[in-house]
Amino acid sequence: GFPTSVAFFRERLVYARGRTLWFSVAGDYENFNSKDANETTAESAITITISTGRDENILWLHSGEVLFIGTPSGEFICREMTGQEVFGPKNITITPGPGVGTSNVVPLETGTSQGLFVDRTNQRLHEIVYDAGSEAAEAPDVTRLSEHVLAGRAVGLTYAAHPDNVVWSWLQDGQFAALT
């Protein structure tokens, strides 16, 4: 029953297991009670299940301007339904994202992008791009000009900011690949 993915989002601790997400009470990371004095408030804990249409589990969570949720068939975006109210049990929406499909490699934040993730084949690296104005997400393939870079199938990512910005990936065959 332990969570398989963990993140912080909007001052809440978020756990994921299967297709369900549990958000703690705002500012109280150990409290997952959904009601305070029998009343649901904007600060109350949240439990929500993603309707993917498939029986597949959440593989990772990536917090940024929105909460990105990775599954084998695609990505989802968790955010407020309306900007006029704070994020809470009555103001949450989860919508489908780019639909690339992800591996279980944990996404990477580089400082120069909102994040990078490995696709379901473990052979492509995609950038997480979210535009708040249009509320749309994209996932451009950053390895499209160098398809051979992750041909050995990525199993992990890390980022080195100095002396040059380099994303390192270790591969199933024991090799390392670098993306500048």
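Trainee: What makes strand S1 and strand S2 a pair?

Mentor: In this predicted model, 5 bridges join S1 to S2, the strand of residues 12–17, and the two run antiparallel. Pairing needs at least two bridges, so 5 bridges are enough for the pair to count.

Trainee: Which residue of S2 stands opposite Phe 9?

Mentor: Arg 12 of S2 stands opposite Phe 9. Strands of a sheet pair through backbone hydrogen bonds, in either a parallel or an antiparallel way.

Trainee: Which sheet holds S1 and S2, and what is its strand order?

Mentor: An open sheet of 4 strands, ordered S1-S2-S3-S4, with antiparallel pairing. Its edge strands are S1, at 5–9, and S4, at 46–49, and each of them pairs on one side only. From one strand to the next, the twist averages 20°.

Trainee: What is unusual about Glu 11, and where does this residue lie?

Mentor: Glu 11 is not a glycine, yet its phi is positive, at about 60°. Most residues other than glycine have a negative phi. Glu 11 lies in the loop between S1 and S2.

Trainee: Is Glu 11 buried or exposed, and how do you know?

Mentor: Glu 11 has 53% relative accessibility. The cut-off for exposed is over 50%, so Glu 11 counts as exposed.

Trainee: Where is Asn 122 found, and what sign does its phi have?

Mentor: Asn 122 is in the loop between strand S9 (116–118) and strand S10 (125–127). Its phi is positive, about 65°, although Asn 122 is not a glycine.

Trainee: Why does Asn 122 count as it does, buried or exposed?

Mentor: Its relative accessibility is 14%. Buried means under 20%, therefore Asn 122 counts as buried.

Trainee: What makes S5-S6-S7-S8 an open sheet with edges?

Mentor: The sheet has 4 strands in the order S5-S6-S7-S8, with antiparallel pairing. S5 and strand S8 (93–96) are at the edges with a single partner strand each, so one side of each has no neighbour in the sheet. Direction ignored, neighbouring strands of this sheet are turned by 25° against each other on average.

Trainee: How do you know that S7 and S8 pair?

Mentor: S7, residues 74–79, and S8 are joined over 4 bridges in the antiparallel sense. At least two bridges are required, so S7 and S8 pass as a pair. In S8, Thr 93 is the bridge partner of Arg 79.

Trainee: Where is Trp 60, and why is this residue called buried?

Mentor: Trp 60 is in strand S5, residues 60–63. Its relative accessibility is 1% and the cut-off for buried is under 20%, so Trp 60 counts as buried.

Trainee: What is in contact with Trp 60, leaving aside neighbours within four places in sequence?

Mentor: The contacts of Trp 60 include Ser 5, Phe 68, Ile 69, Gly 70, Thr 102, Val 105, Pro 107 and Phe 117. Ser 103 is one of the contacts too, and the side chain of Trp 60 reaches the backbone oxygen of Ser 103 at 3.3 Å.

Trainee: How far apart are Trp 60 and Met 81?

Mentor: They are 21 residues apart in sequence, and 22 Å apart in space from C-alpha to C-alpha.

Trainee: What makes S13 and S14 a pair?

Mentor: There are 6 bridges between S13 and S14, which run antiparallel. The requirement is at least two bridges, so S13 and S14 count as a pair. They form a hairpin with 5 residues between them, and Leu 157 stands opposite Ser 169 in S14.

Trainee: What is the peptide bond from His 162 to Pro 163 called, and what is its omega?

Mentor: The bond is cis, with omega near 5°. Most peptide bonds are trans. Pro 163 lies in the loop between S13 (154–160) and S14 (166–171).

Trainee: How do you know whether the chain agrees with a compact globule?

Mentor: For 180 residues, a compact globule would have a radius of gyration near 16 Å; the chain has 17 Å, which agrees. Along the principal axes, the C-alpha atoms fill a box of roughly 55 × 35 × 30 Å.

Trainee: What does the secondary structure come to, and what share of residues is buried?

Mentor: The chain has 0 helices and 15 strands. Buried residues make up 43% of the 180 residues.

Conventions
Residues numbered from 1 in each chain as written. Predicted model: local features only at pLDDT ≥ 70, side-chain atom pairs only at ≥ 80, totals over all residues. Heavy atoms only, no water. Axes fitted to C-alpha atoms, helices over the stretch in contact; angles between N-to-C directions. Rg over C-alpha atoms; globule rule 2.2 N^0.38 Å. Buried < 20%, exposed > 50% of the residue type's maximum accessible area, 1.4 Å probe, protein only. Contact = heavy atoms within 4.5 Å. Polar contact = N/O pair within 3.5 Å; in protein donor to acceptor, adjacent residues only side chain to side chain.
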